[in-house]
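Student: I would like a close look at a single part of this model, namely how its strands are paired. Please take it step by step and then relate that part to the rest of the chain.

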Amino acid sequence: MIDFSCNKFSGEIPQEIASLAELVSLNLPRNDFTGKIVENIDQMKILESLDLYRNRLFGEIPAAMAGLNFLGMLDLSNNNLSGKIPKSTQLQSFNAFVYSGNAQLCGVPLPDKCLGEEQGGKKGIQEKDD
């Protein structure tokens with residue numbers, strides 16, 4: 001377990017952290033981390049808890065996060081993440097709250113649909129009968 005909560009760490013999260021294949025819990029909330037979430041995060045095969053709450057992370061959630069099959073706790077809220085939440089059984093099973101505070105983020109489980117996604121079973125703009 002790594003818990004560096006509530007420090008004043010800044011800069012990018014080191015890419016090397018993904019090589020900690022036996023890590024079960026990574027807690028880095030309430031810091032000043034910037035940059036993107038580590039791309040090859042799926043190398044942390046048994047990760048059960050990931051807390052990146054209230055940093056200044058930006059960019060898309062890496063597609064590799066869909067490979068974190070044991071993830072039972074996630075908090076990515078209050079960052080500057082954008083794009084579509086990758087589809088996976090794990091990532092869509094969390095409450096929308098874990099993604100809140102990321103204005104440019106879209107997709108299930110958020111109420112904001114991504115551009116081109118189906119809305120209410122119909123794709124695109126519906127025509128109105130006169």
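Tutor: Two strands are taken as paired if DSSP finds at least two bridges between them. The model is a predicted one, and the pairing to start from is that of strand S5 with strand S7. S5 covers residues 49-51 and runs parallel to S7, with three bridges joining the two. Within that pairing, Leu-50 has Leu-74 of S7 as its bridge partner.

The two strands belong to an open sheet of four strands, ordered S1-S3-S5-S7, with parallel pairing. S1 (2-3) and S7 (73-75) are the edge strands; each has a single partner strand, so one side of each has no neighbour in the sheet.

Leu-50 also leads to the interior, as one of the residues lining the largest cavity. How many cavities of 30 Å³ or more are there? The count is one, and the volume of the largest cavity is about 50 Å³. Besides Leu-50, the lining is made up of Ile-13, Ile-17, Leu-26, Leu-28, Ile-37, Val-38, Ile-41, Met-44 and Leu-52. By class, that lining holds 10 nonpolar residues, with no polar and no charged ones.

Now the wider setting. The protein contains one helix and nine strands, following the pattern β-β-β-β-β-β-β-β-α-β along the sequence. Its C-alpha trace spans about 60 × 30 × 20 Å along the principal axes. Of the 130 residues, 42% are buried. Among contacts with a separation of 6 or more, 39% are between residues 24 or more positions apart.

The helix, H1, covers residues 89-93 and includes Gln-92. Gln-92 has 21% relative accessibility; buried means under 20%, so Gln-92 counts as partly exposed. Beyond its neighbours within four places in sequence, Gln-92 contacts Ile-85, Pro-86, Lys-87, Val-108 and Pro-109. Pro-109 lies 17 residues from Gln-92 along the chain, and their C-alpha atoms are 5.6 Å apart.

Last, the confidence of the prediction. The average pLDDT is 90, and 90% of the residues score at least 70. Over residues 120-130, however, pLDDT stays under 50, and the model has two contacts beyond four places in sequence for that stretch. Predicted coordinates should not be read in detail where pLDDT is low.

Note on methods:
Residues are numbered from 1 along each chain as its sequence is written. This is a predicted model: local features need pLDDT of at least 70, side-chain atom pairs count only at pLDDT 80 or more; totals for chains, interfaces and linings use all residues. Side-chain values use heavy atoms; hydrogens and water are left out. On a 1 Å grid over the protein atoms alone, a cavity is a set of points where a 1.4 Å probe fits but cannot get out, and a pocket is an open set with protein on both sides within 12 Å along at least five of seven lines; lining residues have an atom within 4 Å of a point. Grid points are joined across faces, edges and corners, and a volume is the space filled by probe spheres set on the points. Ala, Val, Leu, Ile, Met, Phe, Trp, Tyr, Cys and Pro count as nonpolar, Asp, Glu, Lys and Arg as charged, and the others, Gly among them, as polar. pLDDT is the predictor's confidence in each residue, from 0 to 100. Contact means heavy atoms within 4.5 Å. Buried means under 20% relative accessible area, exposed over 50%, partly exposed in between (1.4 Å probe, protein chains only).
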